[in-house]
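The following note is offered to a colleague who is meeting this structure for the first time. The points are numbered so that each may be checked in turn.

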Amino acid sequence: GRQIAGTYLTGGSVKRGCSVRVFRRGELLHTGEVDTLRRFKDDVREVQEGYECGLTITGFNELQEGDTFEFFEMRQIAREL
């Protein structure tokens, strides 16, 4: 089955579909995407800092306790001429 990461957000927010970097003891293990995001039993689009959530990460099933996540979004910025 898919591994669900129980996560406490210490800053910012996480959105379903955003990018995520997985770190273990400071070392980057994987970069992927937040596949599912839940608060308690409900599917949600976004979770804010100070809350707990459960999430799955596309292409990554090797989670260990103590792993840390860094969430980010890639944005296309229009260049000004």
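1. Two strands are taken to pair if DSSP finds at least two bridges between them. The model discussed here is a predicted one. In it, strand β3 (residues 19-24) and strand β4 (residues 27-39) run antiparallel and are joined by 6 bridges. Within this pairing, F23 stands opposite L28 of β4.

2. The connection between these strands deserves a look. β3 and β4 make up a hairpin, with 2 residues between them. In the turn, R25 has a positive phi of about 50 degrees.

3. β3 has a further partner. Over 5 bridges it pairs with strand β8 (residues 68-72), again in the antiparallel sense. Here S19 stands opposite F72 of β8. The ring of F72 also lies beneath a charge: the charged end of R21 sits over this ring, 3.9 Å from its centre.

4. The aromatic residues should be inspected next. A pair of aromatic rings is described by the distance of the centres and the angle of the planes. The count comes to 1 aromatic pair in this model. F69 and F71 form it, with 6.1 Å from centre to centre and 45 degrees between the planes. The pair counts as tilted because 45 degrees is neither under 30 degrees, as stacking needs, nor over 60, as an edge-to-face pair needs.

5. Is F71 buried, exposed or partly exposed? Its relative accessible area is 21%. F71 is therefore partly exposed, since buried means under 20% and exposed means over 50%.

6. T7, in strand β1 (residues 5-8), offers a contrasting case. Its relative accessible area is 11%, so T7 falls under the 20% limit and is buried. A polar atom of the T7 side chain lies 3.3 Å from the backbone oxygen of A5. Leaving aside neighbours within four places in sequence, T7 is in contact with Y51, E52, C53, L55 and F69.

7. Which residues have the most contacts inside the largest nonpolar core? They are V14, V34, L37, C53, L55, I57 and F69, in a core of 16 residues. The elements giving two or more residues to this core are β3, β4 and β7 (52-57). Of these, β7 gives the most, with 3 residues.

8. F69 links several of the points above. Residues up to four places away in sequence not being counted, F69 touches A5, T7, V20, R21, V22, L55, I57 and L63. L55 and I57 are likewise among the core residues with the most contacts.

How values were computed:
Residues numbered from 1 in each chain as written. Predicted model: local features only at pLDDT ≥ 70, side-chain atom pairs only at ≥ 80, totals over all residues. Heavy atoms only, no water. Phe/Tyr/Trp six-rings, centres within 6.5 Å; stacked < 30°, edge-to-face > 60°. Buried < 20%, exposed > 50% of the residue type's maximum accessible area, 1.4 Å probe, protein only. Lys NZ or Arg CZ within 6 Å of the ring centre and 35° of its normal. Helix = DSSP H or I, 4+ residues; strand = E, 2+ residues; numbered from the N terminus. Polar contact = N/O pair within 3.5 Å; in protein donor to acceptor, adjacent residues only side chain to side chain. Contact = heavy atoms within 4.5 Å. Core = buried A, V, L, I, M, F, W, Y, C linked by side-chain atoms within 4.5 Å.
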